[in-house]
Amino acid sequence: EHLGVPNEPPIDIQFQPSGYLFLASQEGAAKLEATVQLQREEGAQVALLSPTQLKEKFPWINTEDVAVASYGLEDEGWFDPWTLLNAFRRKATSLGVHNCCGEVRAFVTSAHDPIPSAPESARIKYVHIYMPDSLEYQPVACSIVVNAAGAWAGKLLEADGLPRKLCQPHLPIQPRKRYVFSWHCPDGPGLSCPFLVDTSGAYFRRDGIAGNYLGGMSPPEEEEPDPSDLSVDHDYFQEQLWPRLARRVPSFESLRVRGAWAGYYDYNTFDRNGVLGPHPRLENLFLAAGFSGHGLQHSPAAGRAVAELVVRGRFESLDLQRLGWARLEDGEPLQEGGVV
């Protein structure tokens with residue numbers, strides 16, 4: 001409704017309201033119960049299920065080692081992210097936004113002035129943008145810059161022209177490669193399948209209605225794959241993911257892999273939470289990056305928050321100051337328990 005454009009087809013993001021199902025072992029039970037309590041206090045309809053209740057509702061699950069499960073009962077599921085992204089872009093364009101796709105490689109700031117007025121801070125005056133298939137750059141004058149460069153947000157603050165002392169501490173955001181695998185299993189969970197997050201960290205969900213599924217799992221820190229390209233390690237599915245899937249859903253023992261792809265998390269190595277708000281020393285720079293895999297879920301609220309900072313100079317709808325740069329300088333991570 002908000003992103004509709006007059007005389008254009010309505011937007012269908014293909015929302016599938018099948019809920020999220022989190023499983024917790026005995027070690028993680030208290031943490032999951034605390035998360036559910038917080039969600040309920042904020043008005044979310046979430047059920048806690050015992051292993052017996054879990055088996056009754058989802059007979060295809062092996063409940064071994066499951067102490068408790070949480071299940072979202074309404075307004076929860078998944079949708080097509082590409083459709084949502086293009087809906088935002090189309091709406092913005094219809095309102096007069098000029099969309100230009102290029103690579104930012106350098107900045108010119110007030111620190112380059114012959115006599116800087118405030119050596120402890122600076123303003124970005126120009127951004128050098130290189131266009132595709134061109135050896136030339138286009139200097140763009142700007143009054144406000146928003147760094148929403150995702151996995152490359154940290155690297156962007158190391159670009160030429162930004163005074164190093166003003167960019168400290170380093171923005172701890174880096175690309176992390178993650179695999180998503182798709183498979184077919186005619187005897188799988190079927191239409192009752194939610195987005196399931198296992199005690200092992202593996203996850204999967206139904207993909208359509210014809211016995212297809214997709215899922216993945218984040219590797220341990222010491223086994224992070226090389227993010228220099230988006231090649232897929234198919235052995236990772238065979239050796240790491242499939243055994244966990246088949247243990248939780250016995251029918252997955254006979255699944256057949258259909259395909260796979262890789263993508264990037266804009267991973268905040270400090271606390272896996274987004275960094276959102278004004279930069280402390282670059283006066284006209286705002287940050288919105290580092291959401292570590294749940295950026296799609298946060299994107300409408302994050303975009304609104306940045307818009308309020310740009311237009312009003314302050315947060316209005318939600319006070320998101322605790323997501324700001326200060327926690328990086330103070331060394332106080334903002335931990336979140338419900339991150340996959």
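What follows is a chat between a trainee and a mentor about this predicted model.

Trainee: Let's start with the sheet. Which are the edge strands?

Mentor: The open sheet has eight strands, ordered β2-β3-β1-β9-β10-β11-β8-β12, and the pairing is mixed. From one strand to the next, the twist averages 20°. Two strands pair on one side only, and those edge strands are β2 (46-49) and β12 (256-268).

Trainee: Which helix packs on the sheet, and what angle does its direction make with that of β8?

Mentor: That's α5, residues 234-248. On the sheet, α5 touches β1, β8, β9, β10, β11 and β12. With the direction of β8, the helix makes an angle of about 60°.

Trainee: In β11, which residue is the bridge partner of Trp 183?

Mentor: Look at β8 (173-184) and β11 (212-216), which pair in the antiparallel sense over four bridges. Across that pairing, Trp 183 has as its bridge partner Tyr 213.

Trainee: Moving along, which residue in the turn between β10 and β11 has a positive phi?

Mentor: First the neighbouring hairpin: β9 and β10 pair in the antiparallel sense over two bridges, with Val 197 partnered by Tyr 203. Tyr 203 also has a bridge partner in β11, namely Gly 216. β10 and β11 are antiparallel too, over four bridges. They form a hairpin with five residues between them, and the turn residue with a positive phi, about 90°, is Gly 208.

Trainee: Which element gives the largest share of the largest nonpolar core?

Mentor: This core has 29 residues, and those with the most contacts inside it are Leu 21, Leu 54, Trp 183, Phe 204 and Phe 252. Phe 252 is in contact with Trp 183 and Phe 204, among other residues. Two or more residues come from each of β1, β2, β3, β8 and α5. The largest share, four residues, comes from α5.

Trainee: How many residues are in the second, separate core?

Mentor: Val 127 is one of its members, and so are Ala 153, Leu 156 and Leu 157. Val 127 also has a bridge partner in β6, Val 140, where β5 and β6 pair in the antiparallel sense over five bridges. As for the size of that second core, the count is 23 residues.

Trainee: Why is Cys 193 not bonded to Cys 185?

Mentor: A disulfide needs the two sulfur atoms within 2.5 Å. Cys 185 holds the cysteine sulfur closest to that of Cys 193, but it's too far for a bond. A search of the whole structure finds zero disulfides. The sulfur of Cys 193 sits away from that of Cys 185 by 10 Å.

Trainee: Is Arg 327 buried or exposed?

Mentor: Arg 327 lies in helix α7, residues 326-330. Beyond its sequence neighbours, its contacts include Asn 268, Phe 270, Asp 271, Glu 332 and Leu 334. The cut-off for buried is under 20% relative accessible area. Arg 327 has 6% relative accessibility, so it counts as buried.

Trainee: Last one: what distance separates the centres of domain 1 and domain 2?

Mentor: Domain 1 covers 19-76, while domain 2 is made of two stretches, 100-172 and 271-330. Taken over C-alpha atoms, the separation of their centres is 38 Å.

Methods
Residues are numbered from 1 along each chain as its sequence is written. This is a predicted model: local features need pLDDT of at least 70, side-chain atom pairs count only at pLDDT 80 or more; totals for chains, interfaces and linings use all residues. Side-chain values use heavy atoms; hydrogens and water are left out. Two strands pair if DSSP finds at least two bridges between them. Axes are lines fitted to C-alpha atoms, for helices over the stretch in contact, and angles run from 0 to 180 degrees between N-to-C directions. Contact means heavy atoms within 4.5 Å. Domain bounds come from an automatic or database domain assignment. A nonpolar core is a set of buried Ala, Val, Leu, Ile, Met, Phe, Trp, Tyr and Cys residues joined through side-chain atoms within 4.5 Å. Buried means under 20% relative accessible area, exposed over 50%, partly exposed in between (1.4 Å probe, protein chains only). Lists of a residue's contacts leave out its neighbours within four places in sequence.
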